[in-house]
Amino acid sequence: MCPETNGVEAAVIAVGEELLSGETTDTNGSWLGRKLAALGAPVVRRWVVGDDVEAIQAALSAALAEADLIIVTGGLGPTRDDLTRPAVADFLDLDLCSDPQIVDNLRKRFRAHGIADLPASNLSQADVPRGAQVLTNKLGSAPGLLMEHEGRSVALLPGVPREMRGIFEDVLGDVIRDRYEGRLVPLVHRTLYTTGIAESVLGERVDEVRVGLPEDVDLAFLPSLRGVSIRISTRSRADAAAKLLDAAQAVLEPIVEPYRIGMGKRDLVEAVAELLTKGSHTLAVAESCTGGLIAKRITDFPGASTYFRGGVIAYADRVKLELLGIEEAVLVETGAVSEAVAAGMASGVADLFKADVGVGITGIAGPGGGTSEKPVGTVWYAVAGPGGVRTSHGVFSGDREAVRERASQAALLLLYEMLETGA
């Protein structure tokens with residue numbers, strides 16, 4: 001066992017054939033990882049095993065060799081394949097005894113649901129390993145269980161996510177705090193959000209200054225279709241953590257500042273919304289290849305009704321002509337995917353909705369439709385405002401979804417830049 005001066009490390013074992021087959025995603029493991037890190041007991045290993053006694057016991061044996069706290073989720077139900085409770089009890093050499101209070105609670109629960117007689121199969125949920133602490137489950141029939149084994153703690157929780165979370169929030173979190181008081185050192189994060197810079201380029205620039213980062217700080221790059229985030233992490237007490245994160249951010253700031261939109265907002269839409277609200281501007285959008293994605297992202301953000309007038313999905317050329325006022329000669333000469341059409345869409349939708357600012361976007365999302373001159377991923381986008389029209393374009397990589405996501409982000413970035421500069 002680790003000395004008491006050391007921190008606490010946790011392990012999670014998820015039980016269920018449906019997890020191995022991919023029919024169900026192990027969201028419990030991810031949720032517990034976040035919660036335990038914030039509590040000060042970071043997860044060092046995770047296992048996913050089927051409904052098999054030997055597999056459960058093998059994972060438990062490995063977990064006990066690595067962690068102070070082991071949480072097993074799943075396999076506490078009333079059916080024949082729910083084997084977690086007897087598998088763990090057998091491995092820890094603990095007898096199972098029926099708990100009268102749990103049986104009584106089960107009877108009351110079933111009566112409340114109109115079932116007079118408790119099914120015999122549910123009686124197994126009242127079996128408690130000798131010396132285990134029962135963790136009340138307010139949302140389901142299977143209680144959680146907590147056992148001690150050679151200085152380690154082993155907790156069994158239901159696999160149903162809302163029940164597992166309920167027990168952790170209501171009971172287990174406090175028990176862990178009390179059990180490991182003085183040893184819990186929370187993992188503290190700070191995230192710097194960027195857009196408009198590739199992960200590889202950002203990584204190279206960070207590597208150039210990495211030597212200046214505090215030793216007790218770790219970096220992680222979190223790429224997505226909308227940008228790359230840098231997560232700064234440290235395991236320290238609150239005051240020390242703040243100082244370490246401040247020092248790390250000061251080293252990274254010159255690199256990320258040009259790409260940190262809206263003072264580091266998580267979503268570019270939030271930064272755009274602030275500028276629209278601050279300037280009392282109204283907005284309308286005309287989309288072709290993105291199929292309404294920009295409008296969706298804008299209206300997903302609360303309060304959009306104060307500035308968003310509406311949008312047009314101008315997928316067909318006739319809509320561009322008849323509704324947005326694009327001249328037929330422009331379409332013939334430049335094609336639907338062009339700077340002139342994107343600019344015309346932005347200006348046309350602003351006029352149509354009598355908005356201060358309009359966004360237009362047209363492109364080839366794929367997988368077909370590309371040419372040697374305009375390959376799949378080619379997108380033109382434009383923003384029209386009181387100061388004129390600003391355009392840009394890109395050839396975005398990835399499948400259809402990736403092209404649409406990246407294009408929408410680029411168009412919103414152009415909108416942000418126009419609003420910020422007022423030009």
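Leaving aside neighbours within four places in sequence, which residues is L283 in contact with? In this predicted model, the partners of L283 are L276, I298, Y307, F308, R309, G310, A355, V357, V359 and L415. Contact here means heavy atoms within 4.5 Å.

A quick word on the ground rules. Residues are numbered from 1 along each chain as its sequence is written. Because the model is predicted, local features need pLDDT of at least 70 and side-chain atom pairs count only at pLDDT 80 or more, while totals for chains, interfaces and linings use all residues; side-chain values use heavy atoms, with hydrogens and water left out.

**The cores**

L283 also turns up in the largest nonpolar core, which has 35 residues; together with I298 and L415, L283 touches the most other members. A nonpolar core is a set of buried Ala, Val, Leu, Ile, Met, Phe, Trp, Tyr and Cys residues joined through side-chain atoms within 4.5 Å. Buried means under 20% relative accessible area, exposed over 50%, and partly exposed in between (1.4 Å probe, protein chains only). At least two residues of this core come from each of α9, β12, α10, β14, β15 (378-385) and α14, and α14 gives the largest share, 11 residues. Apart from it lies another core of 31 residues, including I13, L60, L92 and A132.

Helices (H or I, at least four residues) and strands (E, at least two) are DSSP runs, numbered from the N terminus. Helix α10 (residues 293-300) has L293, I294, A295, R297 and I298 as its buried residues. They pack against α9 (268-278), β12 (283-287), β13 (308-313), β14 (357-363) and α14 (400-421).

**Two buried spots**

Here are two residues side by side, with contacts up to four places away in sequence left out.

| Residue | Location | Relative accessibility | Contacts |
|---|---|---|---|
| S229 | strand β11 (residues 227-235) | 13%, buried | T191, L192, Y193, A220, F221 and L222 |
| G366 | loop between β14 and β15 | 7%, buried | V376 and R400 |

The C-alpha atoms of G366 and R404 are 9.6 Å apart, with their positions 38 residues apart along the chain.

**The sheet**

Six strands make an open sheet in the order β2-β1-β3-β8-β7-β6, with mixed pairing. Two strands pair if DSSP finds at least two bridges between them. The edges belong to β2 (43-49) and β6 (133-135); each has a single partner strand, so one side of each is left without a neighbour in the sheet. Inside the sheet, β1 (residues 10-15) and β3 (residues 69-73) pair in the parallel sense over 5 bridges, and V12 stands opposite I71 in β3.
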